[in-house]
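Biologist: I would be grateful for a close look at a single part of this protein, followed outward to the parts around it. Please take one residue as the point of departure and describe its surroundings in a connected account.

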Amino acid sequence: MTISALSVVFAAVSYLAMTPGEESSTQEKQQEILTLQLSTDDNNSSDNSASLDTESNSLPLTDGVLEPAKQKLSTNDQARTINPKNSQDLEQATTAIKEFVKKTTKPKYDWKTIKVAKGESLSRIFNKLGFSSKDLHYIMQSGDQVDILKKIRPGHTLEFAANENKGFQELRYPFNSSDTLVITKLADKEFDVSLDKKPIEFKQRFATATITSSFYNAGKQAGLPDGVIMELAGVFEYDIDFALEIRKNDSFSVLYEEKYIDGKKAGYGNILSAEFYNMGEHYAAVRYTDTNGRTAYYTPEGKALRKSFLRAPLKFNYVSSNFNPKRFHPIQKRVKAHRGTDYRAPIGTPVRAAGDGRVVKSAYNRFNGNYVFIQHGGNITTKYLHFSKRAVKAGQRVKQGQIIGYVGSTGMSQAPHLHYEFVVNGVHRNPRTVKLPHAAPVPKAEMARFQEHSKPLVARLETERTTYFARLNDEKSAGSASNSKLQK
């Protein structure tokens, strides 16, 4: 393709180099040569040297044939030399050719792939490759997208291109399975930053399981990735306590996405719909993004699964002490109401805000240790005691699920745990049984749109589950029949 384009350019140069009217004179020159060769008055006509060679279909070029042509070309050459317009056109055409070649000919670079080692920074890698620290300085000032380079970690891969002078030319950083950050040097202190995105294909996958030992083991036996198992627990965490309320023979079904890039599986996407049977209760969820771009899980009827508060603000091992108005205090050795729930967990376990609100206290005393109090709407306050470290300050606004501190054993505490209280209108309630208000449902104005989106997902989940158990029953029946024949 490049050669063809060059041919066109060279033809254009030849045309531009001609003097006005030279196109016709060229044709006349060709006719004159042919006439000279075919003239019967020529003294050399008896010689075969000026005759048409019928076998080769070519015209032998003798002195008698070439001399008039030479004179004609000489005249044209003189015309070119003295015509300044031709000289200027030729120069412009030559420049055009150089630019064309420069743009269409890809320069050869020396590429190197670097695997980031432990403790290695981008600055150290540039220095190791012999690249200028000045280039790195201006790269990091080339826009917001270069902030991705601040996330490089040991084991990540970087690809570098060097030019013929061994200077930096290009950097490619595939920071996830589909996106690659590309930085190209355009000139001194000038860099182009872009994202090379591979198309992602999503395929729907179904899984179902009955719990025999634990929820996690059931998920693994169903072939679910760890991330989907944890996300499924997150979908239903407002209704089900996955640490204390999972029972044998509970079951779940889930319809989720798998990601494919270049035809290869590259992880998973979102849970689209799911259902959970827990202690005889049925819970269902479907994912929906509203017209304002907000995404949440709802029941098939449009009621929000998310509550205004988390049932438990951390991942814990077990409840070491329940809400008990007449508890005997193990340290003070007297009956003293235990107005919260103690969740036993290792030191450093993150604790999340149970709901949106404002931090009204973040301090330390000898009884509570490091503690945080959060004021929520509806005259609700939540209290968190015995942190090893607090992560918020008084007056700060927090969102539900935001980390506010870490489990410890500070203050009057015998072992690492979180003491959690739920106070409504100044009255302490049992955090594990208090009725939690739901978040806002699907707005009435969007209900038709929600139903149009959610019904096919709920139907697909039900169809897949029905088909799965029908196939399972057929396999069991076939196995039983086979065993009967063997017994006979």
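Modeller: The account begins with one side chain in this predicted model. The side chain of His376 comes to 2.7 Å from the backbone oxygen of Asp356. It also forms a polar contact, again at 2.7 Å, with the side chain of Thr382. His376 belongs to strand 17, which covers residues 369-376. Its relative accessible area is 5%, and because the limit for burial is under 20%, His376 is classed as buried. Beyond its neighbours within four places in sequence, His376 is in contact with Phe309, Gly355, Asp356, Gly357, Thr381 and Thr382. Asp356 and Thr382, the two partners in the polar pairs, are thus among these contacts.

The loop that follows strand 17 deserves a word. Asn379 lies in this loop, between strand 17 and strand 18. Asn379 has a positive phi of about 55° although it is not a glycine. As a rule, most residues other than glycine have a negative phi. In contrast to the buried His376, Asn379 is exposed, at 52% relative accessibility. A second residue of this kind is Asp262, which is not a glycine and has a positive phi of about 55°. Asp262 is placed in the loop between strand 7 (251-261) and strand 8, and it is exposed, with a relative accessible area of 58%.

Strand 17 also leads to the interior. The largest nonpolar core has 25 residues, and those that touch the most other members are Val351, Val372, Ile374, Tyr384, Ile404, Leu418 and Phe422. Two or more residues of this core come from each of strand 17, strand 18 (380-390), strand 20 (403-407) and strand 21 (417-424). Strand 21 contributes the most, with four residues. In soluble globular proteins, nonpolar side chains tend to be buried together. The contacts of Leu418, when residues up to four places away in sequence are not counted, are Pro313, Leu314, Thr341, Asp342, Tyr343, Val351, Tyr384, Leu385, Phe387 and Val407. Val351 and Tyr384 therefore appear both in the contact list of Leu418 and among the best-connected core members, where connection is judged by side-chain atoms within 4.5 Å.

Val372, another of those core members, provides the link to Ser362. Ser362 lies in strand 16, residues 357-365, and is buried, at 17% relative accessibility. Leaving aside neighbours within four places in sequence, Ser362 is in contact with Tyr371, Val372, Arg390, Val392, Lys393 and Ala394. With Arg390 there is a polar contact between the two side chains, at 3.1 Å. A polar atom of the Ser362 side chain also lies 2.8 Å from the backbone oxygen of Val392. Further along the chain, Gln396 is 34 residues away from Ser362, and the C-alpha atoms of the two are separated by 9.7 Å.

Elsewhere in the chain, Ile271 offers a further buried strand position. Ile271 lies in strand 8, residues 264-278, and has a relative accessibility of 1%, so it counts as buried. Apart from residues up to four places away in sequence, Ile271 touches Val228, Glu231, Leu232, Val235, Val254, Leu255, Tyr256, Arg287 and Tyr297. Arg287 is 16 residues from Ile271 along the chain, with a C-alpha separation of 7.1 Å.

The remaining feature is the largest pocket, which holds about 810 Å³ of space. Its lining consists of 28 residues, and Ala233, Gly234, Glu237, Phe242 and Lys315 lie nearest its centre. Helix 7 (215-221), helix 8 (226-236) and strand 10 (295-298) are the elements that give two or more residues to this lining. Helix 8 gives the most, namely five. By class, the lining comprises 18 nonpolar, three polar and seven charged residues.

Lastly, the setting as a whole may be stated. The protein has nine helices and 22 strands, and 34% of its 488 residues count as buried. Of the contacts between residues at least 6 apart in sequence, 61% join residues at least 24 apart.

Methods
Residues numbered from 1 in each chain as written. Predicted model: local features only at pLDDT ≥ 70, side-chain atom pairs only at ≥ 80, totals over all residues. Heavy atoms only, no water. 1 Å grid on protein atoms, 1.4 Å probe; cavity = no way out; pocket = protein on both sides within 12 Å on 5 of 7 lines; lining within 4 Å. Points joined across faces, edges and corners; volume = space filled by probe spheres on them. Nonpolar A, V, L, I, M, F, W, Y, C, P; charged D, E, K, R; others polar. Buried < 20%, exposed > 50% of the residue type's maximum accessible area, 1.4 Å probe, protein only. Polar contact = N/O pair within 3.5 Å; in protein donor to acceptor, adjacent residues only side chain to side chain. Contact = heavy atoms within 4.5 Å.
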